[in-house]
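The following exercises are intended for a reader who meets this structure for the first time. Please attempt each task before turning to its solution.

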Amino acid sequence: MKVESIILKENQLTEYVVNNFEEGAIVEISYNRVFVPGKIVHVYDDATVTIQLMGELLNQRVDIDFNEVKHELLEIVYTFKDKSVTLILED
């Protein structure tokens, strides 16, 4: 599996999500004090992503608007096919 890390400014995140995230990919989001693992169900043009949570207690769908949480994001690990990308956000 190909693994890479990308450092993004907060203002670059929306464009990256819209252009690179694909339905069916696995995403692990770390923000504030929350860790959200899930499978991408849909990606909207405004960088909102519907995720099917993958957890033992929670297994529901949630929408995450990356524009609203980008100030609190620590990192995002995006895995699709044979590639894993860790996105690290800078101010």
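Four exercises with worked solutions follow; the model to which they refer is a predicted one.

**Exercise 1. The chain as a whole**

Determine which elements the chain contains, in what order they run, and how the radius of gyration of the chain relates to the globule rule.

*Solution.*

Step 1. The chain contains two helices and seven strands. Read from the N terminus, their order is β-α-β-β-β-β-α-β-β.

Step 2. The radius of gyration is 12 Å, and the globule rule gives 12 Å for 91 residues; the chain is therefore as compact as a globular protein of that length. The C-alpha trace spans about 35 × 30 × 25 Å along its principal axes.

Step 3. Buried residues make up 38% of the 91 residues. The exposed area of the chain is about 5,700 Å², of which carbon and sulfur atoms supply 47%.

Step 4. Consider the contacts between residues at least 6 apart in sequence: 49% of them join residues at least 24 apart.

**Exercise 2. Two aromatic pairs of Phe21**

Classify the ring pairs that Phe21 forms with Phe66 and with Tyr78, and state which parts of the chain each pair links.

*Solution.*

Step 1. The structure holds three aromatic pairs. In the pair of Phe21 and Phe66, the ring centres lie 6.0 Å apart and the planes stand at 90 degrees. Planes over 60 degrees apart count as edge-to-face, so the pair of Phe21 and Phe66 is edge-to-face.

Step 2. Phe21 belongs to the loop between α1 (13-20) and β2 (26-31), whereas Phe66 belongs to helix α2 (residues 66-69); the pair therefore ties together parts that are 45 residues apart in sequence.

Step 3. For Phe21 and Tyr78, the centres are 4.5 Å apart and the planes are at 5 degrees, so this pair is stacked. Here the limit that applies is under 30 degrees.

Step 4. This pair also links distant parts of the chain, since Tyr78 lies in strand β6 (residues 73-80), 57 residues from Phe21.

**Exercise 3. The surroundings of the rings**

Are Phe21 and Tyr78 buried or exposed, and which residues form the aromatic cluster?

*Solution.*

Step 1. A residue counts as buried under 20% relative accessible area. Phe21 has a value of 6% and is therefore buried.

Step 2. Tyr78 likewise has a relative accessible area of 6%, so Tyr78 is buried. Phe66 is buried as well.

Step 3. One aromatic cluster is formed by Tyr16, Phe21, Phe66 and Tyr78.

**Exercise 4. A polar contact between two strands**

Locate Thr50 and Asp63, decide whether each is buried or exposed, and describe the contact between their side chains.

*Solution.*

Step 1. Thr50 is part of strand β4 (residues 48-53), and Asp63 is part of strand β5 (residues 61-65).

Step 2. With 8% relative accessibility, Thr50 is buried. Asp63 has a relative accessible area of 53%; the limit for exposed is over 50%, so Asp63 is exposed.

Step 3. The two side chains are joined by a polar contact of 2.5 Å.

Step 4. Beyond four places in sequence, Asp63 touches Thr48, Val49 and Thr50. The C-alpha atoms of Asp63 and Thr48 are separated by 6.5 Å, although these residues are 15 apart along the chain.

Step 5. On the same basis, the contacts of Thr50 include Lys39, Ile40, Val41, Arg61 and Asp63.

Note on methods
Residues are numbered from 1 along each chain as its sequence is written. This is a predicted model: local features need pLDDT of at least 70, side-chain atom pairs count only at pLDDT 80 or more; totals for chains, interfaces and linings use all residues. Side-chain values use heavy atoms; hydrogens and water are left out. Rings of Phe, Tyr and Trp (its six-membered ring) pair if their centres lie within 6.5 Å; planes under 30 degrees apart count as stacked, over 60 as edge-to-face and the rest as tilted. Helices (H or I, at least four residues) and strands (E, at least two) are DSSP runs, numbered from the N terminus. Buried means under 20% relative accessible area, exposed over 50%, partly exposed in between (1.4 Å probe, protein chains only). Contact means heavy atoms within 4.5 Å. The radius of gyration is taken over C-alpha atoms; the globule rule is 2.2 Å times the number of residues to the power 0.38. Accessible areas come from the Shrake-Rupley method with a 1.4 Å probe; for residues, only the protein chains shown count as cover. A polar contact is a pair of N or O atoms within 3.5 Å; within protein, one must be able to donate a hydrogen and the other to accept it, and residues adjacent in sequence count only if both atoms are side-chain atoms.
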